[in-house]
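Visitor: I should like to understand the reasoning behind the terms used for this structure. Could you take me through them one at a time?

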Amino acid sequence: MPDALTAAYALRLGDDALILSHRLSEWVGHGPELEEDIALANTALDLLGQARLLLACAGAREGRGRDEDALAYGRDVLDFSNLLLVEQPNGDFAQTMVRQFLFDAYAVELWPRLSASRDEVLAGIAGKAAKEAAYHVEQSAAWVVRMGDGTEESHDRAQAGLDLLWPYAGEIFEADGVEAALAEEGIAVAPSGLRGPWRARVEAVLDEAGLAPPEGAGVRTGGRQGRHSEHLGHLLAEFQFMQRAYPGAEW
Amino acid sequence: MYTQGLNQAVEDGGPEDAELLARFQAKIDREEKIEPNDWMPEAYRQTLIRQISQHAHSEIVGMLPEGNWLTRAPNLRRKAILLAKVQDEGGHGLYLYAAAETLGISRAEMVDRLLEGRARYSSIFNYPTITWADIGAVGWLVDGAAIMNQIPLCRCSYGPYARAMIRICKEESFHQRQGYEAISRLAEGTAAQKRMAQDALDRWWWPSLMMFGPSDTDSPHTGRSMRWKIKRFTNDELRQKFVDAAVPQAHLIGLEPPDPELRYDEESGHWRFGEIDWSEFNEVLAGNGPCNRERMAARRKAHAEGAWVREAATAHALRKQARAAAAAE
């Protein structure tokens, strides 16, 4: 039976993973050190795995016959519901790692809670993702600290990344009718409840790194409703090129 | 992913203790492994450093042509497979650098030699991946050729290299199968997909054959490398094995290798192939392949842009150490 709310929720989480995975995959072969190249690919692969499961779940609940690829390759910007944070460009390694840390610090709170969802499929995906997120946050937090507490240059780059990306963090904790209704039923996790633990972890890491969130930064939002930054269209143009050029072909 | 010119060896460095040499050779003849702390002739050490580091560099540079399609893979399954594969190549590079380090050279020194153009990597990666079909062809043919070279290396006389190759070969064998599966899908697809598949075979066939290195008659160090059991088959033997495997695979999916002289020789059971254009091989080796400059530029750029990251990690580690030491006092 179609379940539009769960479909929308799974799609939001799936789009986050899909777009962030894509961004990380842009790094592969170009990382600052071989070990980091491998780690970036590995994280991208974990996120892609999460995205595939979540998009497949969304497609099934939607009940319109769309599979993971139809959803990934067949939608345009207005129908993507990822956070603006994850579509922001890689920039330098500092910007990439700050983006990753802000996201991981949320994911590591989200997935363990969602693994107790009354929806068994979502709970199963969340259980797997929770283990992965624990590694991801260890890696990204370690880099934020290394860069913040490294050289003057690395500190400045990390701070610049934080200044740039901080305004996108607030969106993580926004909820509309989708999350509210599903959280009520014990299916979704209400994002607002994650803000406290997220903030505590982020502050502890930034403190160790000697970094500080920018003062008076606004909040940039709209991704969940399909109001994206200019960057997403370019990302999709590249990501969807083959399916657009050869419609209907099997690969 | 690949080793080239297993026959390149340094010249003998001068007189070495005859008794040690005899004991070393006897050990190899008994099929025992040479380990890092064992005595070894300087030429053996230098040959292995060159060969293993060249192999490692090839894995790293090889991430570029395949990475070229990571952001454009045609579906999520293919994207996941390609990500995993490219990640594997990075992992192979890492093991191989570590294996070479047991011979007394640092990874930093090896990387410097690559970036300064003093060390080689497989020239196959100087060819472009123009269409998606190239990803299939690289897996099928390039990894396929690499496996032919690498399976015997699992029995190489140098222990750390042989052991690294066991895991690498397992992964390469998976890479080869995924590549063949990917190009098979194209070969049975639409007219546009078939065209893409045949075009990829046309471009990758001869460079893949060249991966085995010069013909045995032009391969001066083969004898010594065979005696040291670094090399167990000659270039031509391995090339023939590869052709015998790849031609029926191409025919099975309706593709034709671009060689009008290709024919099956009933008597020997081998596929006979035409003359390889070694002038092309030499041109690519000399730096004039389609992507030599791009590949090296990409590696140099990643290294240069990563410098501040590596410096930050070192600075932080030192500061942390100093703080721990101060706290202990």
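Guide: The following exchange sets computed values from this predicted model against the cut-offs behind each term.

Visitor: Why is A:C57 called buried or exposed?

Guide: Its relative accessible area is 5%. Buried means under 20%, so A:C57 counts as buried.

Visitor: What is the relative accessible area of B:C156, and what follows from that value?

Guide: The value for B:C156 is 0%. Since buried means under 20%, B:C156 is therefore buried.

Visitor: How do you know whether B:C156 is in a disulfide?

Guide: The nearest cysteine sulfur belongs to B:C154 and is 9.6 Å away. A disulfide requires two cysteine sulfur atoms within 2.5 Å, so B:C156 is in no disulfide. A search of the whole structure finds zero disulfides over all chains.

Visitor: Why does A:D176 receive the label it has for exposure?

Guide: A:D176 has a relative accessibility of 25%. Buried means under 20% and exposed means over 50%, so A:D176 falls in between and counts as partly exposed.

Visitor: Where is A:D176 placed, and with which residues is it in contact?

Guide: A:D176 lies in the loop between α7 (152-165) and α8 (177-184) of chain A. Apart from neighbours within four places in sequence, A:D176 is in contact with A:R12 and A:Q225. A:D104 is 72 residues apart from A:D176 in sequence, and their C-alpha atoms are 22 Å apart in space.

Visitor: What makes the meeting of A:D149 and B:R323 a salt bridge?

Guide: The N to O distance between their side chains is 3.0 Å. The cut-off is 4 Å, so the pair A:D149 and B:R323 qualifies as a salt bridge. The count between chain A and chain B is four salt bridges.

Visitor: How much area do chain A and chain B bury between them?

Guide: They bury about 4000 Å², with 66% of it on carbon and sulfur atoms. A:L34, A:D149 and A:W251 supply 18% of the area that chain A buries against chain B, more than any other three residues. The contact takes 48 residues from chain A and 45 residues from chain B.

Visitor: How do helix α6 and helix α9 of chain A pack?

Guide: Helix α6 (residues 120-148) and helix α9 (residues 195-209) pack at an angle of about 35 degrees, and their axes are 7 Å apart. The residues of this contact divide into seven nonpolar, one polar and two charged. Among those that meet are A:V137 and A:G148 in α6(A), and A:R201 and A:E208 in α9(A).

Visitor: Why is one residue of that contact counted as polar?

Guide: Gly is counted among the polar residues, so A:G148 falls in that group.

Key:
Residues are numbered from 1 along each chain as its sequence is written. Chains are lettered from A and ligands numbered from 1 in the order in which they are written. This is a predicted model: local features need pLDDT of at least 70, side-chain atom pairs count only at pLDDT 80 or more; totals for chains, interfaces and linings use all residues. Side-chain values use heavy atoms; hydrogens and water are left out. Axes are lines fitted to C-alpha atoms, for helices over the stretch in contact, and angles run from 0 to 180 degrees between N-to-C directions. Helices (H or I, at least four residues) and strands (E, at least two) are DSSP runs, numbered from the N terminus. Contact means heavy atoms within 4.5 Å. Buried means under 20% relative accessible area, exposed over 50%, partly exposed in between (1.4 Å probe, protein chains only). Buried area is the accessible area (1.4 Å probe) that two parts lose on being put together, summed over both.
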